[in-house]
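Here is a walk through one protein model, from the whole fold down to a handful of residues. Have the viewer open as you read.

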Amino acid sequence: MSVGPLDEETVEKYRQAGEALRTVLDEAAEMVEPGVTHLEVAEHAETRIDELADGPAFPVNISVDEEASHSTPARDDDTEFGEEMVCLDVGVHVDGYIADAATTVDLSGNPEMVEAAEEALDVAIDAVEPGADTGTIGGEIEDVIRGYGYTPVLNLSGHGVEQWDAHTGPNIPNRGIEHGAELEVGDVVAIEPFATDGRGKVSEGNKEEIYGLERERSVRNRQAREVLDVVTSEYRTLPFAARWLDVSRAEMALRRLKQQDVIHGYPVLKEEEGCLVSQAEHTLIVTEDGCEVTTA
């Protein structure tokens, strides 16, 4: 199997990250049931990631009902699962090489919405090959989801992954577009269809528990310097959770760093209230004869 510009050592690291992620995601999904807290699932998953790989590529996302992405519990969060639609999005890295996958656990009684996202993902993966147009793949995703009677989330898309960077090009839309990017051998991409019974567009909510480094610069406040040191040494350019910081007055430090454009936040992305969102995702490497799914 040829993977173009990727050497065998790099490919093996992507595979190792994907193997660890599959184990963790399966375990986390098994835990999701009424009465269990979001924090229990997130902490279990992140502990297992540390045991099996080099660390999370981003905080475990636990998005419920109208939430689509960027939702992770706070340090003292005691929220329990109820009769809801629960999207689990997990990232793992080995030496910075990333696996990113998601699954939806339906406790709401809407299994067809989960099936819509899963089938759209399967169809998209089948369409991946060198020279494939991402806009055409997006059209395949859209056709499947609309065929179930739902709407794809139009302003979220799949993406490339590179070392220490969980969101790069090419983008893989969840709808058909003209003149998308052309996939090449050696591209590593995460395809992630979202299906919803809402309008198909998400917007930023008020909740924000995930952050990422924007740029390094000197800061005067002691707590802010401590947080920045932790971020640059442990997480580099990967997103991190506020609850990971074992620093006094961490919330204040994060506010200072954000005000100085040292870090940026990832607000929770949400559909309209009362709507549901499902998600399915795999990471894959484009090969000469199709693709290798690293998170299967």
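What radius of gyration would a compact globule of 296 residues have, and what does the protein have? A globule of that kind would come in near 19 Å, and the protein has 19 Å, so the two agree. Keep in mind that this is a predicted model.

## The overall fold

Let's start with the parts list: the secondary structure comes to six helices and 17 strands. Laid along the principal axes, the C-alpha atoms of the protein fill a box of roughly 50 × 45 × 35 Å. Of the 296 residues, 57% are buried.

How much of the contact network joins residues at least 24 apart? Taking contacts between residues at least 6 apart in sequence, the share is 76%.

## Surface and charge

The accessible surface of the protein comes to about 13000 Å², and carbon and sulfur atoms account for 39% of that.

On the charge side, there are 22 positive side chains and 65 negative ones. The centres of these two sets lie 14 Å apart.

## Thr72, tucked into a loop

Now zoom in on Thr72, which sits in the loop between strand E2 (67-69) and strand E3 (85-94). Is Thr72 buried or exposed? Its relative accessible area is 1%, and buried means under 20%, so Thr72 is buried.

What does the side chain of Thr72 reach? One partner is the backbone oxygen of Val60, at 2.6 Å. Another is the side chain of Arg243, joined to the side chain of Thr72 by a polar contact of 2.8 Å. Leaving out residues up to four places away in sequence, Thr72 touches Pro59, Val60, Lys207, Glu209, Ile210, Ala241 and Arg243.

## Ser63 in strand E1

Ser63 belongs to strand E1, which covers residues 55-64. Ser63 has 1% relative accessibility, so it counts as buried. A polar atom of its side chain lies 3.5 Å from the backbone nitrogen of Ser69.

Which residues does Ser63 touch, once those up to four places away in sequence are set aside? They are Ala68, Ser69, His70, Ser71, Met85, Val86 and Cys87. For a longer view, pick Ser63 and Arg199: the two are 136 residues apart along the chain, and 18 Å separates their C-alpha atoms.

## Where Thr37 meets Glu80

Two loops come into contact here. Thr37 lies in the loop between helix H1 (8-31) and helix H2 (38-52), while Glu80 is in the loop between E2 and E3. With neighbours within four places in sequence left aside, Thr37 is in contact with Asp78, Thr79, Glu80 and Phe81. Seen from the other side, and with the same kind of neighbours left aside, Glu80 is in contact with Gly35, Val36, Thr37 and His38.

How do the two residues stand for accessibility? Thr37 is at 14% relative accessibility, so it counts as buried. Glu80 is at 46%, so it counts as partly exposed.

Two distances help place the pair. Thr37 and Pro73 are 36 residues apart in sequence, with 9.2 Å between their C-alpha atoms. Glu80 and Asp187 are 107 residues apart along the chain, and their C-alpha atoms are separated by 39 Å.

## Backbone oddities

A quick reminder before the last stop: most residues other than glycine have a negative phi, and most peptide bonds are trans. Which residues does a cis peptide bond join here? The bond is between Gly169 and Pro170, with omega at about 0 degrees. Pro170 is in strand E7 (residues 165-173).

Then there are the positive phi values. Asp65 is not a glycine, but its phi is near 55 degrees; you'll find Asp65 in the loop between strand E1 (55-64) and E2. His179 is not a glycine either, and its phi is positive too, about 60 degrees. The place of His179 is in the loop between E7 and strand E8 (188-191). At 75% relative accessibility, and with exposed meaning over 50%, His179 counts as exposed.

Terms used:
Residues numbered from 1 in each chain as written. Predicted model: local features only at pLDDT ≥ 70, side-chain atom pairs only at ≥ 80, totals over all residues. Heavy atoms only, no water. Helix = DSSP H or I, 4+ residues; strand = E, 2+ residues; numbered from the N terminus. Rg over C-alpha atoms; globule rule 2.2 N^0.38 Å. Buried < 20%, exposed > 50% of the residue type's maximum accessible area, 1.4 Å probe, protein only. Contact = heavy atoms within 4.5 Å. Areas by Shrake-Rupley, 256 points an atom, 1.4 Å probe, with all protein chains shown as cover. Lys, Arg positive; Asp, Glu negative; His and termini not counted. Charge placed at Lys NZ, Arg CZ, Asp CG, Glu CD. Polar contact = N/O pair within 3.5 Å; in protein donor to acceptor, adjacent residues only side chain to side chain.
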